[in-house]
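User: Please examine closely how one part of this model is packed, and set it in the context of the whole chain. A single connected account would be preferred.

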Amino acid sequence: MEQDWIYGFVGGLLIGLGGAVYLLVNGRIMGASGILGGLIDGSGMRTFWERVSFIAGVVLMPVLLYPMFENVDTHATSNLLVLVIAGLFVGVGTRLANGCTSGHGVCGISRLSLRGISATVFYIMAGGLTIALLRHAWGLI
């Protein structure tokens, strides 16, 4: 039996732990899109170093852990254009939803937030529909 599921499980645990630590240390909900968005639009300058530290950790931790997991197949496409377009769609979607998977999915559901639960249901459905179209209907990924 394949054991690749363990990587997703451990990743989810780490995101949940990060959300709990962020809440305990800062007294605020961890939402990566809000943290990054506050840096980009200038609304988060009061907590600039906190935000920069968080984003640096999100970027640097995979780089530091890569040597341990370099043989893991992520099943991501090697088509750079598709990855860039997907990243832009994710960014636009998080702004439209007023949050991302870490804010709504991890922190929102754990607080039994109706807004977080409904947002999570809709972005999971949108992700499934996107995969169905891009992979099975159009053969792009």
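Analyst: Helices H2 and H3 lie oblique to each other, and are therefore neither roughly parallel (under 35 degrees), roughly antiparallel (over 145) nor roughly perpendicular (65 to 115). The model is predicted, so local features require pLDDT of at least 70 and side-chain atom pairs 80 or more, whereas totals for chains, interfaces and linings use all residues. Residues are numbered from 1 along each chain as its sequence is written, and side-chain values use heavy atoms, without hydrogens or water.

H2 covers residues 32-41 and H3 covers residues 48-65; helices here are DSSP runs (H or I) of at least four residues, and strands (E) of at least two, numbered from the N terminus. The axes of H2 and H3 come within 9 Å and cross at roughly 125 degrees, with axes fitted to C-alpha atoms over the stretch in contact and angles running from 0 to 180 degrees between N-to-C directions. H2 passes H3 in a left-handed crossing (the near helix is turned anticlockwise from the far one by less than a right angle). On the H2 side, the residues that meet H3 are Ala32, Gly34, Ile35, Leu36, Gly38 and Leu39. Their partners in H3 are Phe48, Arg51, Val52, Phe54 and Ile55, where contact means heavy atoms within 4.5 Å. By class, this contact of H2 with H3 holds eight nonpolar, two polar and one charged residues (Ala, Val, Leu, Ile, Met, Phe, Trp, Tyr, Cys and Pro are nonpolar; Asp, Glu, Lys and Arg charged; the others, including Gly, polar).

The loop between H2 and H3 contains Thr47. Thr47 is buried, its relative accessible area being 13% (buried is under 20%, exposed over 50%, partly exposed in between, with a 1.4 Å probe and protein chains only).

H2 also takes part in covering another helix. The buried residues of H5 (101-110) are Ser102, Gly103, His104, Gly105, Cys107 and Gly108. Elements that cover these buried residues of H5 include H1 (5-26), H2 and H6.

The packing of H5 on H6 (114-137) can be described in the same terms. The axes of H5 and H6 are 8 Å apart, at an angle of about 130 degrees, and the two helices are therefore oblique to each other. H5 passes H6 in a left-handed crossing. From H5, the residues Thr101, His104, Gly105, Gly108 and Ile109 meet H6. From H6, they are met by Arg115, Gly116, Ile117, Ala119, Thr120 and Tyr123. The contact of H5 with H6 comprises four nonpolar, six polar and one charged residues.

Leu112 is found in the loop that joins H5 to H6. Leu112 is exposed, with a relative accessible area of 70%. Just after H5, Leu112 adopts a positive phi of about 55 degrees, although Leu112 is not a glycine. Most residues other than glycine have a negative phi.

As to the whole protein chain, there are six helices and zero strands, which follow one another as α-α-α-α-α-α along the sequence. The C-alpha atoms occupy a box of roughly 45 × 35 × 30 Å along the principal axes. Of the 141 residues of the chain, 19% count as buried. Among contacts between residues at least 6 apart in sequence, 37% join residues at least 24 apart.
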